[in-house]
Amino acid sequence: MSVLKEKKVLLGVTAGIAAYKTAHLVRLLIKAGAQVQVVMTPASKDFITPLTLSTLSKNPVHSTFYDKEEENELWNNHVELGLWADYFLIAPATANTLSKMSNGIVDNLLLATYLSAKCPVFFAPAMDLDMYKHPTTKESFEKLQKFGNLLIPAESGELASGLVGEGRMAEPEAILVFMEAEVASKLPLKGKKILITAGPTYESIDPVRFIGNHSSGKMGFALANVAANLGAEVVLIAGPTSQKIKHSFVQRIDVESAAEMFDVVHEHYKDVDIAIAAAAVADYTPKEVAPQKIKKKEASFHIDLKQTKDILASMGIQKEQQFLVGFALETNDAIANAKSKLLRKKTDMIVLNSLQDKGAGFAGDTNKISIIDSQNNLVEFPLKTKDLVAIDIFTEILKRMDV
Ligand code: CTP
């Protein structure tokens, strides 16, 4: 999944022949999951039509301060456009536009939007080789880079003039890779390793039966997804669940029993920066697993159980650099019990879901949590989807970690 998923990308198109490639560029951005709006300089419409770009971006395209054709001559608010964007990409960026950008000249909507934008700005120059080499162009590049704008270098090759050299706009694929790498490098969990346990465990009674629980695994999977979107490398250790995850930053390891989960967790734990125990691990497991299917005989039947090893508590004992997060599911004295769990299991944070709250718990799509940290702070959240709860949890973790 692309780091540009759900990001708002404003594409600024200026009057260079490479503008014809922006149709493909918009398609790639949309395919990456970005929301795209396009702003064009008036002259760029000679190279590609607004209709093409508005159809592909699924949004109206603006190029003037107001739309003359519209009945009410609607004002195109450049400030709003600039504030809407998470990223502003100017491609192709001509020598003329780059020079104006670097000098604060505002004689069209695109330039006004540039001056209003607060987000990171990328520019992909496109011009003939002598223009590319000209000292004024180099000066524009340097000035813009000093402002913090990001240069996507032009490529060498055959130019529209027939000359061969530097100045050809980077290919749309290369622009996307450049943007994704830049966005990924700024993610708050970039370079961090995270271990997450999720789902139930199944404790075998005999070859066909087990003791399990109703955990769906949704919370742990939502956490893994958010962690990966924040740039972390995630090891997701999952009990039996139908949940699916597709993210190149997530390594999923399926386990069945508490004992198996314990072993796999400890294979990875020492290397991670954050560990989150979201699994509903069985507290007891049959003392013995019958080798054959147990036959129905007596009217009543009992199974001897023994305690499983507490995975979270053992991570607490071995804790070094790890920021350790546990979950607590309580039916009564929720806060007091959660606080004692935090101390007992030596965690940095406990996520409490009280079964007394409607919509909270481990089978549904929503959850209502409170967070308690080792400083005894309590933060309470309203009922939310598990995806949003996962974002809240990472927001609280990041506040408490030196990242
Ligand atoms: N946990 C674990 N290994 C276990 C049992 C629990 O890692 N064998 C973790 C869970 O993943 C969760 C936390 O411990 O993060 C709390 O689980 P919970 O079932 O609420 O607590 P218990 O330790 O079982 O305590 P109690 O049954 O007394 O509530």
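## Helix α2 and its two sides

Which exposed residues does the face of α2 turned away from its buried side carry? They are Leu51 and Thr55. Keep in mind while you look around that this is a predicted model.

The helix itself spans residues 50-57, and its buried residues are Leu53, Ser54 and Ser57. These cover an arc of only 100 degrees around the axis, which puts them on the same side of α2. The general rule behind such a pattern is that an α-helix has 3.6 residues a turn, so residues three or four places apart point the same way. If you want to see what covers the buried residues of α2, look for β1 (8-13), α1 (22-31), β2 (35-40) and β3 (61-62), which are among the covering elements.

## Two residues with positive phi

Just after α2 comes lysine 58, with a positive phi of about 60 degrees. This lysine sits in the loop between α2 and β3. Is lysine 58 buried or exposed? Its relative accessibility is 63%, so lysine 58 counts as exposed.

Glutamate 6 is another residue to check in a Ramachandran plot: its phi is positive, about 65 degrees, although it is not a glycine. Glutamate 6 belongs to the segment before β1, and with a relative accessible area of 56% it is exposed. As background, most residues other than glycine have a negative phi, and most peptide bonds are trans.

## A cis peptide bond in the chain

The second half of that background has its counterpart here too. Alanine 91 and proline 92 are joined by a cis peptide bond, with omega at about -5 degrees. Where does proline 92 lie? Proline 92 is part of strand β4, which runs over residues 87-93.

## How α4 packs against α5 and α7

Helix α4 (residues 95-103) packs with helix α5 (residues 109-116) at an angle of about 40 degrees, and their axes are 10 Å apart. The two helices are therefore oblique to each other, and their crossing is right-handed. On the α4 side, Thr97, Lys100 and Met101 meet Leu110, Leu111 and Tyr114 of α5. By character, the residues of the contact of α4 with α5 divide into 4 nonpolar, 1 polar and 1 charged.

Helix α4 also packs with helix α7 (residues 135-146), here at an angle of about 45 degrees with the axes 9 Å apart. That angle makes α4 oblique to α7. What is the handedness of the crossing of α4 and α7? It is left-handed. From α4, the contact takes in Ala95, Leu98, Ser99, Met101, Ser102 and Asn103, and from α7 it takes in Thr137, Ser140, Phe141, Lys143 and Leu144. The residues of the contact of α4 with α7 divide into 5 nonpolar, 5 polar and 1 charged. Met101 is worth selecting in your viewer, as it appears in the contact with α5 and again in the contact with α7.

## Phenylalanine 65 and its loop

Phenylalanine 65 is found in the loop between β3 and α3 (78-84). Its relative accessible area is 27%, so phenylalanine 65 is partly exposed. How many residues apart in sequence are phenylalanine 65 and asparagine 76? They are 11 residues apart, and 5.1 Å separates them in space, C-alpha to C-alpha.

## Around α10 and alanine 232

Further along the chain, helix α10 covers residues 258-268, with Ala258, Met261, Phe262, Val264, Val265, His266 and His268 buried. Their cover includes the strands β9 (193-198), β10 (203-204), β12 (233-238) and β13 (250-254), together with helix α11 (311-317).

Alanine 232 lies in the loop between α9 (218-229) and β12. With a relative accessible area of 0%, alanine 232 is buried. What does alanine 232 touch, not counting residues up to four places away in sequence? Its contacts are Leu189, Lys192, Ile194, Ala227 and Phe249. Alanine 232 and tryptophan 84 are 148 residues apart along the chain, and their C-alpha atoms are separated by 26 Å.

## Lysine 295

Lysine 295 is located in the loop between β15 (284-286) and β16 (305-307). The relative accessible area of lysine 295 is 60%, so this residue is exposed. Between the C-alpha atoms of lysine 295 and leucine 223 the separation is 42 Å, with their positions 72 residues apart along the chain.

Terms used
Residues numbered from 1 in each chain as written. Predicted model: local features only at pLDDT ≥ 70, side-chain atom pairs only at ≥ 80, totals over all residues. Heavy atoms only, no water. Buried < 20%, exposed > 50% of the residue type's maximum accessible area, 1.4 Å probe, protein only. Helix = DSSP H or I, 4+ residues; strand = E, 2+ residues; numbered from the N terminus. Arc of directions from axis to C-beta. Contact = heavy atoms within 4.5 Å. Axes fitted to C-alpha atoms, helices over the stretch in contact; angles between N-to-C directions. Parallel < 35°, antiparallel > 145°, perpendicular 65-115°, else oblique. Left-handed = near helix turned anticlockwise from the far one by under 90°. Nonpolar A, V, L, I, M, F, W, Y, C, P; charged D, E, K, R; others polar.
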